[in-house]
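Student: I have a model open and want to work through its packing. Can we take it question by question?

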Amino acid sequence: MTFTTLITGASSGLGAEMARQFAALGHDLALTARRTDRLDELKAQILADHPGRRVETYALDVTDDDAVTAVFDQAKGDFGRLDRVIVNAGLGKGAPYGKGSHYANRQTIETNVLGAAIQTEAAMAIFREQQAGHLGRQLAIAAAGEDHEVLLGRALELAHACSPSPTAG
């Protein structure tokens, strides 16, 4: 059985690396992000490395509640089901408190916390309808740059944690 995994924030960083790792594990992918040009590049790379995989891309701003629900539903319709949803989209515009940059902190919280909440809601509605599904959440209230080895390790850990064991049916 081929699993279908939807990953938000897949255009760079941990989301892009998780997409590569899930593809290597045999998953078909629904990839979302605001920056669709980067998604297109990632899709081409994954399909070159794993020609048997299916990869679809979707433009998505996770702070738009209606868009989150619509894109998740569209991906489910395109693939027939979603087996896993990885809530990963986020940004790291946070600024030190007391420096007059509350707007940056507000935008980070709206994306990383409230955006994660609607993604979780949309995923769980689909999983309840299907009576199956797995939710993975990579959440941070503030984000900082990470090097490639840290990203790769975290992506591998999450990809394997979300995949069935070889003995599972």
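Student: Which residues have the most contacts inside the largest nonpolar core?
Tutor: This is a predicted model. Its largest nonpolar core has 20 residues. H3 (65–79), S4 (84–87) and H4 (102–130) each supply at least two of them. Those with the most contacts inside the core are Leu 6, Val 68, Phe 72, Leu 82 and Val 85.

Student: Which element gives the largest share of this core?
Tutor: Helix H3, strand S4 and helix H4 each put in at least two residues. The largest share is six residues. That share comes from H4.

Student: Which residues does Leu 6 touch, not counting residues up to four places away in sequence?
Tutor: Leu 6 is among the core residues with the most contacts inside the core. Two others from that group, Phe 72 and Leu 82, are on its contact list. The full list is Ala 30, Thr 32, Phe 72, Ala 75, Leu 82, Arg 84, Val 85 and Ile 86.

Student: How many residues does the second, separate core have?
Tutor: This core includes Phe 22, Leu 39, Ile 46 and Ile 86. Its count is 16 residues.

Student: Is Gly 9 buried or exposed?
Tutor: Gly 9 sits in the loop between strand S1 (4–7) and helix H1 (13–24). It touches Gly 15, Ala 16, Thr 32, Asn 88 and Ala 89, leaving out residues up to four places away in sequence. The cut-off for buried is under 20% relative accessible area. Gly 9 has 19% relative accessibility, so it counts as buried.

Student: What separates the C-alpha atoms of Gly 9 and Ala 59?
Tutor: Along the chain, the two residues are 50 residues apart. In space, their C-alpha atoms are separated by 9.9 Å.

Student: What is the relative accessible area of Thr 111?
Tutor: Thr 111 is in helix H4. Beyond its neighbours within four places in sequence, it contacts Val 62, Thr 63, Ala 89, Gly 90, Leu 91 and Ala 116. Thr 111 is buried because its relative accessible area is 8%.

Student: Ile 109 lies in helix H4 too. What is its relative accessible area?
Tutor: Ile 109 helps make a nonpolar surface patch of about 410 Å², with Tyr 97, Val 113 and Leu 114. Ile 109 is partly exposed, and its relative accessible area is 33%.

Student: In what order do the elements of the chain run?
Tutor: There are five helices and five strands. Read from the N terminus, the order is β-α-β-α-β-α-β-α-β-α.

Terms used: Residues are numbered from 1 along each chain as its sequence is written. This is a predicted model: local features need pLDDT of at least 70, side-chain atom pairs count only at pLDDT 80 or more; totals for chains, interfaces and linings use all residues. Side-chain values use heavy atoms; hydrogens and water are left out. A nonpolar core is a set of buried Ala, Val, Leu, Ile, Met, Phe, Trp, Tyr and Cys residues joined through side-chain atoms within 4.5 Å. Buried means under 20% relative accessible area, exposed over 50%, partly exposed in between (1.4 Å probe, protein chains only). Helices (H or I, at least four residues) and strands (E, at least two) are DSSP runs, numbered from the N terminus. Contact means heavy atoms within 4.5 Å. Patches are made of residues with over 30% relative accessible area and no salt bridge: like charges are joined within 9 Å, nonpolar side chains (Val, Leu, Ile, Met, Phe, Trp, Tyr) within 5 Å. Accessible areas come from the Shrake-Rupley method with a 1.4 Å probe; for residues, only the protein chains shown count as cover. A salt bridge is a side-chain nitrogen of Lys or Arg within 4 Å of a carboxyl oxygen of Asp or Glu.
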